[in-house]
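Me: Got a minute to go through this one with me? I'd like to get the fold straight and then poke at a few residues.

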Amino acid sequence: TAYRRQRQMCIRDRVTVDENDTLWDIAARRIDNTKDIRKAVYRIEQFNHISNPGALEPGMTIKIPVNLD
């Protein structure tokens, strides 16, 4: 569908969760220190429909949106 194609174009990267990774860790590796990491974490949560960030599993794939700030 058009929605799916548009959403695919908004993906900057895909990340495979490593053991002990948190959304905070993943976001920190993708933004510079002048950006608000809380906003980046929130955007990743929303983009991936993550309701419990503590439930990340190693091997899980997380999509990183184009605009994290």
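Me: What order do the elements run in, from the N terminus on?
Reply: The protein chain goes α-β-α-α-β. That comes to three helices and two strands. Keep in mind that this is a predicted model.

Me: How much of the chain is buried?
Reply: Of its 69 residues, 30% count as buried. The exposed surface is about 5000 Å², with carbon and sulfur atoms supplying 47% of it.

Me: And the contacts, what share joins residues at least 24 apart?
Reply: 61%, counting contacts between residues at least 6 apart in sequence.

Me: OK, the core. Which residues have the most contacts inside the largest nonpolar one?
Reply: Ile 26, Ile 44, Ile 62 and Ile 64, in a core of 15 residues. H2, H3 and strand E2 (61-65) are the elements that give two or more residues to this core. H3 gives the most, with four residues.

Me: What does Ile 26 touch?
Reply: Leaving out residues up to four places away in sequence, Ile 26 touches Val 15, Val 17, Asp 21, Ile 44, Ile 62 and Ile 64.

Me: There's an Asp in that list. Where does Asp 21 sit?
Reply: In the loop between strand E1 (11-16) and helix H2 (23-28).

Me: Is Asp 21 buried or exposed?
Reply: Buried, because its relative accessibility is 13% and the cut-off for buried is under 20%.

Me: Which side chain does the Asp 21 side chain make a polar contact with?
Reply: The side chain of Arg 29, at 3.2 Å. The pair also forms a salt bridge, with the closest N and O atoms 3.2 Å apart. In general, side chains of opposite charge can pair when their charged atoms come close. Arg 29 is partly exposed at 46% relative accessible area, while Asp 21 is buried.

Me: What else is Asp 21 in contact with?
Reply: Setting aside neighbours within four places in sequence, Asp 21 is in contact with Thr 16, Ile 26, Arg 29 and Leu 56.

Me: How many salt bridges are there?
Reply: Three. Besides the Asp 21 one, there's Arg 30 with Asp 13, where the closest N and O atoms are 3.6 Å apart. Arg 30 lies in the loop between H2 and helix H3 (37-48) and Asp 13 in strand E1, so this bridge ties together parts that are 17 residues apart in sequence.

Me: How exposed is Arg 30, and how about Asp 13?
Reply: Arg 30 is partly exposed, with a relative accessible area of 22%. Asp 13 counts as partly exposed too, at 32%.

Me: What does Arg 38 pair with?
Reply: Asp 36, with the closest N and O atoms 3.0 Å apart. Arg 38 is exposed at 58%, and Asp 36 is partly exposed at 28%.

Me: Which end of H3 does Asp 36 cap?
Reply: The N-terminal end. A side-chain oxygen of Asp 36 lies 3.0 Å from the backbone nitrogen of Arg 38. So Asp 36 has a salt bridge to Arg 38 as well as the capping role.

Me: Staying on H3, what span should its 12 residues give?
Reply: At 1.5 Å a residue, H3 should span 16 Å, and its end C-alpha atoms are 17 Å apart, which agrees.

Me: And which H3 residues are buried?
Reply: Ile 37, Ala 40, Val 41, Ile 44, Glu 45, Phe 47 and Asn 48. There's a Glu and an Asn among those buried positions. Ile 44 also belongs to the group with the most contacts inside the largest nonpolar core.

Me: What follows H3?
Reply: His 49, whose phi is positive, near 55 degrees. His 49 is not a glycine. Most residues other than glycine have a negative phi. His 49 sits in the loop between H3 and E2 and is exposed, with a relative accessible area of 66%.

Me: Back to the other loop. What's phi of Asn 20?
Reply: Near 70 degrees, a positive value in a residue other than glycine. Asn 20 is in the loop between E1 and H2, where you'll also find Asp 21.

Me: Asn 20, buried or exposed?
Reply: Exposed, with a relative accessible area of 69%. Asp 21, by contrast, is buried at 13%.

Notes:
Residues numbered from 1 in each chain as written. Predicted model: local features only at pLDDT ≥ 70, side-chain atom pairs only at ≥ 80, totals over all residues. Heavy atoms only, no water. Buried < 20%, exposed > 50% of the residue type's maximum accessible area, 1.4 Å probe, protein only. Polar contact = N/O pair within 3.5 Å; in protein donor to acceptor, adjacent residues only side chain to side chain. Contact = heavy atoms within 4.5 Å. Salt bridge = Lys/Arg side-chain N within 4 Å of Asp/Glu carboxyl O. Areas by Shrake-Rupley, 256 points an atom, 1.4 Å probe, with all protein chains shown as cover. Expected span 1.5 Å × (residues − 1). Core = buried A, V, L, I, M, F, W, Y, C linked by side-chain atoms within 4.5 Å.
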